[in-house]
Amino acid sequence: MNQSSDNWETRLEELVGALRDDSLSDDQSVELQNLLKTQPGARRRFAEAMHLSAMLGDAGAISGTGFQPVVGEFTGVQPVPHSKSTSNTLADTRRFRTIAMILLASSATILFAMLWARPQGVEDDFHVELFDEGVAVVTQSYDTRWTGKTQLQVGSSVSPGKVELQSGLIQLEFYRGAVVVVEGPAELEFVNADRLICRRGRLRAHVPPQAEGFAVVSPNVELVDLGTEFGMDVADDGSASVHVFDGKVELYESGTDRSAETRQEFTETEGALVSAGGKIVASKTKLVEFVSSSELLQLASARNTARLQQWKSKRQSLIDDPRVAIHYSFEKDPISSRLLRSHASDSLRLDGAIIGCRWTEGRWLGKNALEFKHPGDRVRLQIPGEFDSLTYSAWVRIDGLDRPFIALVLTNGYEVGEPHWQLRDDGRLLLGIQTPSGHVAYDSKPVLNIKHLGRWTHLATVYDSDSARVTHYINGESVGVSPITTDNFKLRFGETEIGNWGTPAKYSPQKIRNFNGQIDELTIFGKPLTASEIRAIYADGLR
Amino acid sequence: MPPSTHDDEKVEQFSRLLVANQRRLYGFILTLVHDRAAADDILQDVSSLLWQKFDKFEPGTDFAAWGMAVSRLTILNWRRKQKKVPLPLDDQQFALLADEAVAVSCQHESRQVALRECLQKVDASGRELLASRFEMSRSVASIAEQLGRSRVAIYKRLNRIQSLLLDCINEKVQEEGVL
């Protein structure tokens, strides 16, 4: 058999899906029998897949996965009263008691009937917006201000729905290939990867051949692109102007379902005016200027340079701050690229050794970052000193929350006094500390999610022994405060790694906790910073 | 078998064991029966059998293992009685698959805990799709119709989500073995 392992697994799952849905054809049945007989590992995978179906069919298995356990509901029978999951233990125990009581009071027949009561589906709970997935991604922005809840930034993926751009410029790349620059004020509604509703605003779209058919709908006119570049300006009253830079577009009156009667075609340098009443008239004059992709790029790069300079000047005052224990600004050393230069006041001892990791571009053009991908990637440090309180601050671009524990800064091993700053795969920031009275975990709410992936994010954690609390921050906002209840003791680092966990032999086997993403700034202060200081670091470093 | 006060303790002991193990048994049965309705019926038959034979069960031994052994015979009989099953297996293939099913079912608790965690990785729309397919037992055709999507699209998405869940569960269960 010449198939890769992925291929047979995918095929097996397709066949299992058909089997489960009672739609396995005779041919498919023979194929599945052969697969099970000849492919090593296929029977195991089959058993696992069927077992998963069984679990998914259990009441509450899927809908009950929120953080609030459902209590006292008989149909929510969980099979394992002493489950290891802490969040559901109480609920499980209660359910179990309920059942046990019913059982005791029932005849055996009723007992069995009740045990097999299957949950009845509630149709009303079923929402229609199931395929709410991304249609475009934001690739440039300049001075954007947003009205309403949805605030798009570079790297944001855009789901179907409405956005309102108050001012500024934004560039969207639709998944089908169209690239659209929008100038605020604009009201947009994303429909799918090749359809955009523009209630008002000005946009310029470049539509490559593979995205042909990209449509923009305004209150009075529907524009279908036939592979081209065009601009469209929609005013508050629904009147609009269209200009074709290159190629060809079709215009239809809105609400006519692209009726051939209202169809008009325009080519290069031609244009049209659409009145508030919906009349489409050809017009040669280009009434407004449309910002192109390359103009936006120029604007954005000028802004980039300014922000970078601003950050550089702020960094100097940060380095001079006596509270800083270590600071790395992740700028590639021109002589030794395997050295992570420390910018804290003193000696060479604080420089880090880069193992694996690739230099890449950071928050701004012209600013470096280190990329951590491979399970072996890490930066080794030696941090001296003892601390009563600590503040961690880092700019990171998380590319995946793909390990149960994800290292940010971890001491090698985990001895008394050693802190472990890390992430959990459910989106929590976690400071674990080995105290004289044992391991204590201070964690945040589960805040990080798929929306944070691929975007520069500021993470901070303050361990404040004076006020006896640990506070976590994401992008300058507090996301969880926990009290410190242990007696005072000294925190220390010694041998430490960024983005990984160097485990001494006695902790073997090696646990994989490598960070997946990029880091472009890291500071550890030997003192607790206030909430407003954290907010300021965030604001200064914002892209 | 009318339960007298004398039998109360026995009933309680049995129901405790059965409640703790019935989903594990159900998973085992479904792996070898492939049809949910039939698996429900067989689980019911097996439970009656287990109750009838409960006197022979030695407290402290593995109830699940005993339950799976009883299920195995019941399933084999059921399969032989059927005119046609969607996935015919000869005795040897059946035995090999049943062994795998035992191995997987033995990890039921870890797998269930892992599933809860792994479901957090599935987005809300994916979870709703799973819920309507599995918790509400709706057919792919009816989901496809309601959403105005093709059946193939729904199948593909379901398969993708389940494959992701399976990989995630396996990774977590393996990790637990290592930690």
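## Pairing of S8(A) with S9(A)

In this predicted model, A:Met232 of S8(A) stands opposite A:Val242 in S9(A). The two strands run antiparallel, and six bridges join S8(A) to S9(A), the latter spanning residues 240-246 of chain A.

S8(A) and S9(A) form a hairpin with five residues between the strands. In this hairpin, A:Gly238 takes a positive phi near 95°.

## Pairing of S8(A) with S5(A)

S8(A) is also paired with strand S5, residues 195-207 of chain A, through seven bridges. This pairing is likewise antiparallel. Here A:Leu203 is the residue that stands opposite A:Met232. A:Met232 therefore faces A:Leu203 in one pairing and A:Val242 in the other.

## Burial of S8(A)

Strand S8 covers residues 228-234 of chain A and is mostly covered, with seven of its seven residues buried. A:Thr228, A:Phe230, A:Met232 and A:Val234 point one way from the strand. A:Glu229, A:Gly231 and A:Asp233 point the other way. Residues on both sides are buried, including the acidic A:Glu229 and A:Asp233.

## A patch of negative charge

On the surface, A:Asp22 gathers with B:Asp35, B:Asp41 and B:Asp45 in a patch of negative charge. Both chain A and chain B thus contribute residues to this patch.

Of these residues, B:Asp45 lies in helix H2 of chain B, which spans residues 36-52. B:Asp45 has a relative accessible area of 44% and is partly exposed, because this value falls between the limits of 20% for buried and 50% for exposed residues.

Technical notes
Residues are numbered from 1 along each chain as its sequence is written. Chains are lettered from A and ligands numbered from 1 in the order in which they are written. This is a predicted model: local features need pLDDT of at least 70, side-chain atom pairs count only at pLDDT 80 or more; totals for chains, interfaces and linings use all residues. Side-chain values use heavy atoms; hydrogens and water are left out. Buried means under 20% relative accessible area, exposed over 50%, partly exposed in between (1.4 Å probe, protein chains only). Helices (H or I, at least four residues) and strands (E, at least two) are DSSP runs, numbered from the N terminus. Patches are made of residues with over 30% relative accessible area and no salt bridge: like charges are joined within 9 Å, nonpolar side chains (Val, Leu, Ile, Met, Phe, Trp, Tyr) within 5 Å. Accessible areas come from the Shrake-Rupley method with a 1.4 Å probe; for residues, only the protein chains shown count as cover. A salt bridge is a side-chain nitrogen of Lys or Arg within 4 Å of a carboxyl oxygen of Asp or Glu. The place of a charge is taken as NZ of Lys, CZ of Arg, CG of Asp or CD of Glu.
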